[in-house]
Amino acid sequence: MGKETATPPRPASPLPSLVERRLLAHLASRGLLGPAGEAKALAVQKSDALALPDALVKANVVTREALLPALGEVLGVPEVDLTRTYGDPMILDAVPKDVAYKMEALPLYLIEKQLTVAVADPDNLAKLDEL
């Protein structure tokens with residue numbers, strides 16, 4: 001079995017990125033996040049060097065179940081709940097195990113030579129390009 005490596009912590013940024021601001025606004029427009037919750041999540045993000053979605057959940061201001069659809073809408077990609085989606089086990093080797101761990105990617109389906117892959121951070125273009 002290959003050695004698993006943890007993803008390094010995200011460097012703390014003094015201001016939310018454009019995608020993070022869009023996510024915060026989207027959650028607020030749906031009544032899922034108020035100013036106090038936003039401030040709490042941003043404080044957790046900074047103190048723990050987390051990505052904003054992780055900070056929102058860790059700060060207990062948004063549930064993961066409410067966050068995933070909102071994140072998918074903001075990023076323009078469909079959400080995938082891996083507790084309910086079982087991709088095709090025959091294509092797991094389409095992405096080598098060490099690459100899958102490094103990229104936080106899981107091959108789901110291969111349909112007409114098009115591979116569908118679930119990734120932890122679809123906003124990370126460097127990882128997507130490498131994959």
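These are my notes on the cavity, a pocket and a surface patch in this structure.

**Entry 1, the model.** I am working from a predicted model, so I keep that in mind throughout.

**Entry 2, enclosed space.** I started inside the protein and looked for cavities. I found one cavity of 30 Å³ or more. The largest cavity holds about 40 Å³ of space. Which residues line the largest cavity? I noted Met103, Glu104, Val119, Ala120, Asp121, Lys127, Leu128 and Leu131. Sorted by class, that lining has five nonpolar and three charged residues, with no polar ones.

**Entry 3, an open pocket.** Next I turned to the second largest pocket, which has about 160 Å³ of space. Its lining is made up of Leu92, Asp93, Val95, Pro96, Lys97, Ala100, Tyr101, Ala105, Leu106 and Pro107. I checked which elements give two or more residues to this lining, and they are α5 and β1 (105-111). How many of the residues lining the second largest pocket are nonpolar? I count eight nonpolar residues there, along with two charged and no polar ones.

**Entry 4, the surface.** I then looked for nonpolar patches on the outside. Val80, Leu82, Leu92 and Leu106 make a nonpolar surface patch of about 290 Å². Leu92 and Leu106 were already in my notes, as both line the second largest pocket.

**Entry 5, Val80.** I picked Val80 from the patch for a further look. Where is Val80 placed? I found Val80 in the loop between α4 (64-75) and α5 (97-103). Is Val80 buried, partly exposed or exposed? Its relative accessible area is 33%, so I put Val80 down as partly exposed.

Key
Residues are numbered from 1 along each chain as its sequence is written. This is a predicted model: local features need pLDDT of at least 70, side-chain atom pairs count only at pLDDT 80 or more; totals for chains, interfaces and linings use all residues. Side-chain values use heavy atoms; hydrogens and water are left out. On a 1 Å grid over the protein atoms alone, a cavity is a set of points where a 1.4 Å probe fits but cannot get out, and a pocket is an open set with protein on both sides within 12 Å along at least five of seven lines; lining residues have an atom within 4 Å of a point. Grid points are joined across faces, edges and corners, and a volume is the space filled by probe spheres set on the points. Ala, Val, Leu, Ile, Met, Phe, Trp, Tyr, Cys and Pro count as nonpolar, Asp, Glu, Lys and Arg as charged, and the others, Gly among them, as polar. Patches are made of residues with over 30% relative accessible area and no salt bridge: like charges are joined within 9 Å, nonpolar side chains (Val, Leu, Ile, Met, Phe, Trp, Tyr) within 5 Å. Accessible areas come from the Shrake-Rupley method with a 1.4 Å probe; for residues, only the protein chains shown count as cover. A salt bridge is a side-chain nitrogen of Lys or Arg within 4 Å of a carboxyl oxygen of Asp or Glu. Helices (H or I, at least four residues) and strands (E, at least two) are DSSP runs, numbered from the N terminus. Buried means under 20% relative accessible area, exposed over 50%, partly exposed in between (1.4 Å probe, protein chains only).
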